[in-house]
Amino acid sequence: RSPAPTLFCQGSLPGASPGSPKRQAREAMLVQARTTSVPVKVRAPAYATVPAARLDPALPAKQRLVFGELSHITAVVMQKLEPGEPVKKRPTDFLLAEPPRVLQLPPSLAAQPR
């Protein structure tokens, strides 16, 4: 098994000139993120293509319809749902019931008048 290739950021090749302070700070942050396995938010480069489909910010991307031909079935089912009730799983009556009271006052306090 061969060792994994080493990836270098632009301007971070060994022996290269240090670059601007802003670039040094960015590269230091990326190195720290790699060593601590912290996710980093990145922007797409200017030359990247625009995604084919625009996402609706009010709708989670995971909940978009996968099959457009089934949209009429989804609309019928959505009308039958009760507001505030989970869609994928109905909670059992046990989970919705008031929990039993298991704590009681100590006997010495229960006999005293309030």
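Colour the chain by secondary structure first: this predicted model holds 4 helices and 0 strands, and reading along the sequence gives the pattern α-α-α-α. With the whole chain still selected, switch to a surface view, where the accessible area comes to about 11,800 Å², 61% of it belonging to carbon and sulfur atoms. Of the 114 residues, 2% count as buried.

Next, colour by pLDDT before looking at any detail. The mean over the chain is 75, and 74% of the residues reach 70 or more. Where among the helices is confidence highest, and where is it lowest? Helix H1, residues 21–36, has the highest mean, at 90, while helix H4, residues 107–110, has the lowest, at 74.

Now select helix H1 and place a distance between its end C-alpha atoms, which lie 22 Å apart. This agrees with expectation, because 16 residues at 1.5 Å a residue should span 22 Å, the expected span being 1.5 Å times one less than the number of residues.

Within H1, pick out Leu30. Is Leu30 buried or partly exposed? Its relative accessible area is 23%, and because buried means under 20%, Leu30 counts as partly exposed. From Leu30, draw a line to Val40, which is 10 residues away along the chain; the two C-alpha atoms are separated by 7.9 Å.

Move on to Ser37, which comes just after H1 and lies in the loop between H1 and H2. What is notable about the backbone here? Ser37 takes a positive phi of about 55° although it is not a glycine. For context, most residues other than glycine have a negative phi. Ser37 is also exposed, since its relative accessible area of 63% is over the 50% cut-off.

Follow the chain to helix H2, residues 71–80, and select Val77 there. At 44% relative accessibility, Val77 counts as partly exposed. Then extend the selection to Phe67, Leu70 and Ile73, which together with Val77 form a nonpolar patch on the surface with about 350 Å² of accessible area. Val77 can belong to such a patch because its 44% relative accessibility is over the 30% that membership requires.

The last stop is Pro91, in the loop between H2 and helix H3, the latter covering residues 93–96. Pro91 is partly exposed, with a relative accessible area of 29%. Which residues does Pro91 touch, leaving aside those up to four places away in sequence? Show the side chains of Pro86 and Leu96, for these are the residues that Pro91 touches once such sequence neighbours are set aside.

Definitions and conventions: Residues are numbered from 1 along each chain as its sequence is written. This is a predicted model: local features need pLDDT of at least 70, side-chain atom pairs count only at pLDDT 80 or more; totals for chains, interfaces and linings use all residues. Side-chain values use heavy atoms; hydrogens and water are left out. Patches are made of residues with over 30% relative accessible area and no salt bridge: like charges are joined within 9 Å, nonpolar side chains (Val, Leu, Ile, Met, Phe, Trp, Tyr) within 5 Å. Accessible areas come from the Shrake-Rupley method with a 1.4 Å probe; for residues, only the protein chains shown count as cover. A salt bridge is a side-chain nitrogen of Lys or Arg within 4 Å of a carboxyl oxygen of Asp or Glu. Helices (H or I, at least four residues) and strands (E, at least two) are DSSP runs, numbered from the N terminus. Buried means under 20% relative accessible area, exposed over 50%, partly exposed in between (1.4 Å probe, protein chains only). pLDDT is the predictor's confidence in each residue, from 0 to 100. Contact means heavy atoms within 4.5 Å.
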